[in-house]
Amino acid sequence: MAFTLYSLLQAAPLCVNAIALLHEERFLKKIGWGTDQGIGGFGEEPGIKSQLMNLIRSVRTVMRVPLIIVNSIAIVLLLLFG
């Protein structure tokens, strides 16, 4: 299997799917990344951990409907073109 632009475009939704499927109570609390983590006070920069948690939460919130559409298109294309 060759590395093509299509395989790169196919890998992008898979990575976003993996982020969107991370459930906080099941997976993230086991490693200490639950919702009870404090973000910090005013004027303090948030750490890497809180920035990653914000990224995961925003992907889960914003990308829910577009992921359904992108996954459906990818499935149809795979069924049509193999």
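Exposed here means over 50% relative accessible area, and buried means under 20%. The model in these views is a predicted one.

**View 1. Helix 1 keeps its buried and exposed residues on opposite faces.** Here we're looking at helix 1, residues 5-20. Its buried residues are Ser7, Pro13 and Asn17. They take up an arc of only 130 degrees around the axis, so they sit on the same side of helix 1. Turn to the face pointing away from that buried side and you'll find the exposed residues Leu5, Leu9 and Cys15.

**View 2. The length of helix 1 checks out.** With 16 residues at 1.5 Å a residue, helix 1 should span 22 Å. The end C-alpha atoms turn out to be 23 Å apart, which agrees.

**View 3. UniProt marks a transmembrane region at residues 62-81.** That label comes from an unreviewed UniProt entry. In the model, this stretch is 95% helix and 0% strand. From one end C-alpha atom to the other, residues 62-81 cover 30 Å.

**View 4. A nonpolar patch lies on the surface.** Its members are Tyr6, Val65, Ile69, Ile73, Val76, Leu77, Leu78, Leu80 and Phe81, and together they offer about 890 Å² of accessible area. Helix 4 (residues 64-81) is the main contributor, giving eight residues to the patch.

**View 5. A closer look at Phe81 in helix 4.** Is this patch member buried or exposed? Phe81 has a relative accessible area of 67%, and the cut-off for exposed is over 50%, so Phe81 counts as exposed.

Key:
Residues numbered from 1 in each chain as written. Predicted model: local features only at pLDDT ≥ 70, side-chain atom pairs only at ≥ 80, totals over all residues. Heavy atoms only, no water. UniProt positions renumbered as here; feature names shortened; annotations may be inferred. Helix = DSSP H or I, 4+ residues; strand = E, 2+ residues; numbered from the N terminus. Patch = residues over 30% accessible without salt bridge, like charges linked within 9 Å, V, L, I, M, F, W, Y side chains within 5 Å. Areas by Shrake-Rupley, 256 points an atom, 1.4 Å probe, with all protein chains shown as cover. Salt bridge = Lys/Arg side-chain N within 4 Å of Asp/Glu carboxyl O. Buried < 20%, exposed > 50% of the residue type's maximum accessible area, 1.4 Å probe, protein only. Expected span 1.5 Å × (residues − 1). Arc of directions from axis to C-beta.
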